[in-house]
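Me: I am new to this structure. Could you show me how to read its features, one at a time?

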6 protein chains.
Amino acid sequence: MSTIARHQSPEADPRVKAVFDDIRATRKSDFINNMWHYLAFDADLLEKTWAEVKTVMATPSALDPLVKEMLYIAVSVTNGCGYCAHSHTAAAKAKGMTDEQHADLLRVISLAAKTNQLATALQVPVDPAFDTDHRP
Amino acid sequence: MSTIARHQSPEADPRVKAVFDDIRATRKSDFINNMWHYLAFDADLLEKTWAEVKTVMATPSALDPLVKEMLYIAVSVTNGCGYCAHSHTAAAKAKGMTDEQHADLLRVISLAAKTNQLATALQVPVDPAFDTDHRP
Amino acid sequence: MSTIARHQSPEADPRVKAVFDDIRATRKSDFINNMWHYLAFDADLLEKTWAEVKTVMATPSALDPLVKEMLYIAVSVTNGCGYCAHSHTAAAKAKGMTDEQHADLLRVISLAAKTNQLATALQVPVDPAFDTDHRP
Amino acid sequence: MSTIARHQSPEADPRVKAVFDDIRATRKSDFINNMWHYLAFDADLLEKTWAEVKTVMATPSALDPLVKEMLYIAVSVTNGCGYCAHSHTAAAKAKGMTDEQHADLLRVISLAAKTNQLATALQVPVDPAFDTDHRP
Amino acid sequence: MSTIARHQSPEADPRVKAVFDDIRATRKSDFINNMWHYLAFDADLLEKTWAEVKTVMATPSALDPLVKEMLYIAVSVTNGCGYCAHSHTAAAKAKGMTDEQHADLLRVISLAAKTNQLATALQVPVDPAFDTDHRP
Amino acid sequence: MSTIARHQSPEADPRVKAVFDDIRATRKSDFINNMWHYLAFDADLLEKTWAEVKTVMATPSALDPLVKEMLYIAVSVTNGCGYCAHSHTAAAKAKGMTDEQHADLLRVISLAAKTNQLATALQVPVDPAFDTDHRP
């Protein structure tokens with residue numbers, strides 16, 4: 001169930017078709033997941049979102065592609081986004097995430113949420129040593 | 001400003017002293033950041049929290065130590081925990097995070113938050129292809 | 001699936017019936033969405049929640065009714081409330097939200113979530129110029 | 001630093017004065033914390049917020065006053081509201097929260113945040129046994 | 001739908017069987033809810049999560065067991081964890097939560113979320129009176 | 001206090017200078033708020049963030065500029081981003097937000113957070129009437 005109707009033939013719009021073609025080419029797969037089908041209700045939103053995802057996630061950069069997927073999972077889970085937890089866990093597995101790494105990822109993100117609560121509940125003051133602006 | 005008073009001589013309690021000693025030994029540093037000083041108001045809470053942090057973050061595991069710090073930052077930032085953003089960014093830098101990696105981390109976690117909003121706003125249905133329970 | 005049982009004949013309780021009658025009259029529709037059916041498990045909670053929603057959302061005020069629905073969507077999406085994203089997107093469309101406005105809404109709330117992450121990750125200090133208390 | 005200027009003489013407005021008088025009488029104290037001073041920029045918002053807080057928090061009900069303060073802390077910490085963590089921890093202490101109860105509160109709310117992450121990361125399906133609508 | 005496959009015979013692993021046995025013994029029930037079935041994909045994660053849940057939630061402590069369940073609900077709802085809202089509401093009912101207490105719980109946690117927004121929107125400064133570190 | 005050092009002479013980098021010049025020209029003001037000074041640690045991040053903010057917020061679109069600022073506030077407050085609450089409240093005031101509109105904004109976003117909690121706590125099922133995919 002979604003808040004907008006899924007387009008039945010989104011690729012009738014050449015701008016949508018161009019994005020879908022690029023998704024298929026980039027991922028070397030015919031599968032286009034629902035996120036892009038729903039974003040297709042607005043060609044500009046689709047184009048820009050895909051362009052940013054492609055640049056950040058599918059272009060070699062200072063971080064390893066699998067690390068980037070795990071960071072994406074960390075944020076998505078913390079935000080409670082079920083769709084995103086699904087799609088990025090699938091992507092991480094496709095990039096080689098092992099069960100051991102998956103369990104380790106869960107250990108870290110659940111521990112982080114736990115100590116976030118403690119620090120916020122206690123309103124722990126930031127140590128002066130962490131102040132990057134006033135370092136000599 | 002905090003919600004409980006910081007202990008003036010926490011190490012007078014031998015259970016607290018034992019934890020602080022282990023923090024110093026594990027980190028090879030005399031610096032004990034505020035988080036532990038404030039948790040010291042309850043020795044049991046301090047002991048168990050440190051034990052879990054040490055096991056998850058300071059023990060070799062399936063994920064690289066720097067990757068774990070970056071995942072910690074991702075969760076902490078998404079939860080809006082200022083103290084945690086400070087302490088784990090400092091820890092990530094101490095473990096060698098470069099400016100390029102830092103910028104890349106910010107790119108990924110801010111993009112994730114952006115697409116989380118889109119997926120949630122559209123209530124995009126999970127693709128059957130992501131259903132791990134019903135795979136053949 | 002819900003955490004409490006939906007009342008089968010909620011209007012047997014005259015206090016519930018009075019609220020349901022007012023919802024129908026205010027909205028000029030016989031449709032009463034699930035939120036109110038479930039809140040009906042406690043007449044006081046139902047009465048006060050409806051009274052506030054009616055006052056804030058259905059009474060002319062300084063903001064346009066459609067703007068108020070879009071603000072409601074913005075908060076609901078950020079909180080990850082699926083039910084609320086559904087009900088308030090439907091309400092916004094009923095009040096005339098166009099596809100162009102919908103796409104623009106998505107652009108703004110997803111960009112906001114993105115820059116929220118950046119500001120929190122960097123712990124950007126508030127500019128003195130924003131301090132309303134110390135303005136001359 | 002705040003987003004609106006604090007009123008210098010809020011009680012010059014008789015509606016504000018009436019609320020402030022009721023806060024003092026209800027709490028049996030002359031101290032009026034900043035929250036109410038800032039809400040005073042709009043008398044209607046001040047009146048309705050105080051009326052609800054008084055009804056829910058300061059009126060005998062099915063839950064103990066200290067339990068209600070601890071629930072308030074749980075939500076405030078999870079939402080990352082520093083002001084609210086401060087004011088409701090102070091209120092809970094004023095209502096008798098001991099250090100042991102405080103530590104126990106922290107254990108529960110930090111564990112909850114931790115297992116929330118696990119359940120969301122795994123997208124654990126709701127057990128049919130929890131479905132209240134379909135119970136015989 | 002979940003992000004990992006549910007184990008078909010998790011108790012074939014003696015470590016998992018030992019945890020499941022302890023869950024059954026602690027709860028005096030044969031029912032093991034999905035959370036534990038899914039965590040069973042990693043025996044260490046299962047063991048440590050159950051050990052902590054058992055210690056915090058099923059061991060007599062400074063807070064009443066029902067109060068702890070309600071605090072758990074407060075955090076889970078604020079984090080938008082549907083599974084957790086279900087499982088802990090069921091647990092609270094099993095521990096005797098009445099409809100009146102349930103409604104009161106909802107009143108408090110929804111009011112808290114409301115005033116959290118007001119305090120954050122106004123960026124209300126913390127009153128010096130709340131500063132525990134600088135009290136004489 | 002921030003997690004990275006603020007650049008002392010960011011405009012020594014021509015890419016940063018170009019962005020700052022465009023911010024000044026777009027806003028017709030010499031004031032460049034801290035967000036941009038801190039993002040300047042990575043020219044690419046600065047350029048792309050500003051380009052998106054300029055396109056979404058400073059270009060005529062289907063929504064009114066003030067409405068867009070209020071939506072930005074709604075998300076920022078819900079995410080607990082103090083810096084963002086400050087900067088976008090200041091921006092909304094600069095675009096003409098009156099005290100009456102401000103109070104109305106607070107009424108809507110605090111009510112939304114309140115009913116989000118209720119819907120999530122009750123796990124209210126989405127009404128079939130809201131299902132856009134299955135409408136005839």
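What follows is a short dialogue on an interface, a helix and some salt bridges.

Reply: Keep one point in mind from the start. This is a predicted model.

Me: Let us begin with chains F and C. How many residues of chain F are in contact with chain C?

Reply: Contact is judged by the distance between heavy atoms, within 4.5 Å. Here, 64 residues of chain F are in contact with 64 residues of chain C.

Me: What is the area buried between chain F and chain C?

Reply: Buried area is what two parts lose in accessible area on being put together, summed over both. Between chain F and chain C that comes to about 5,800 Å². Carbon and sulfur atoms give 73% of it.

Me: Now the polar side. How many residue pairs are in polar contact across the interface of chain F and chain C?

Reply: The rule finds 23 such pairs, both residues being at pLDDT 80 or more. Helices α2 (34-39), α3 (43-57), α4 (65-78), α5 (82-94) and α6 (99-122) of chain F each supply at least two residues to the side that touches chain C.

Me: Which helix gives the most to that side of chain F?

Reply: It is α6(F), with 18 residues. Sorted by class, the side of chain F that touches chain C has 39 nonpolar, 17 polar and 8 charged residues.

Me: How many salt bridges are there between chain F and chain C?

Reply: A salt bridge needs a Lys or Arg side-chain nitrogen within 4 Å of an Asp or Glu carboxyl oxygen. The count between chain F and chain C is 2. F:Glu52 and C:Lys114 meet in a salt bridge, at 2.5 Å from N to O.

Me: And how many over all chains?

Reply: A search of the whole structure finds 72.

Me: Next, a single helix. How far does α6 of chain E reach?

Reply: Compare the span with the expected value. Helix α6 of chain E (residues 99-122) has 24 residues and reaches 35 Å from first C-alpha to last. That is close to the 34 Å expected at 1.5 Å a residue. After α6(E) comes E:Gln123, with a positive phi near 50°.

Me: Why is α6(E) said to be largely enclosed?

Reply: Count its buried residues. Of the 24 residues of α6(E), 22 are buried, so the helix is largely enclosed by the rest of the structure.

Me: How do I read a salt bridge inside one helix?

Reply: Start with the spacing. An α-helix has 3.6 residues a turn, so residues three or four places apart point the same way. Take B:Asp104 and B:Arg107, which both lie in helix α6 of chain B, 3 residues apart, about one turn of the helix. Their side chains meet at 3.3 Å, N to O, in a salt bridge.

Me: Is B:Asp104 buried or exposed?

Reply: The cut-off for buried is under 20% relative accessible area. B:Asp104 has 2%, so it is buried. B:Arg107 has 17%, so it is buried too.

Me: What about E:Asp21 and E:Arg24?

Reply: Both lie in helix α1 (residues 14-27) of chain E, 3 residues apart. Their closest N and O atoms are 2.8 Å apart, in a salt bridge. E:Asp21 counts as partly exposed, at 30% relative accessibility.

Me: Which parts of chain D does the pair D:Lys54 and D:Asp22 link?

Reply: First, the distance. The two side chains form a salt bridge at 2.9 Å, N to O. The pair links distant parts of the chain, with D:Lys54 in helix α3, D:Asp22 in helix α1, and their positions 32 residues apart. D:Lys54 is partly exposed at 29% relative accessibility, and D:Asp22 is partly exposed at 25%.

Me: Which residues are linked in a network of salt bridges?

Reply: One such network links A:Asp42, A:Asp44, A:Lys48, C:Asp104 and C:Arg107.

Key
Residues are numbered from 1 along each chain as its sequence is written. Chains are lettered from A and ligands numbered from 1 in the order in which they are written. This is a predicted model: local features need pLDDT of at least 70, side-chain atom pairs count only at pLDDT 80 or more; totals for chains, interfaces and linings use all residues. Side-chain values use heavy atoms; hydrogens and water are left out. Buried area is the accessible area (1.4 Å probe) that two parts lose on being put together, summed over both. A polar contact is a pair of N or O atoms within 3.5 Å; within protein, one must be able to donate a hydrogen and the other to accept it, and residues adjacent in sequence count only if both atoms are side-chain atoms. Helices (H or I, at least four residues) and strands (E, at least two) are DSSP runs, numbered from the N terminus. Ala, Val, Leu, Ile, Met, Phe, Trp, Tyr, Cys and Pro count as nonpolar, Asp, Glu, Lys and Arg as charged, and the others, Gly among them, as polar. The expected span of a helix is 1.5 Å times one less than its number of residues. Buried means under 20% relative accessible area, exposed over 50%, partly exposed in between (1.4 Å probe, protein chains only).
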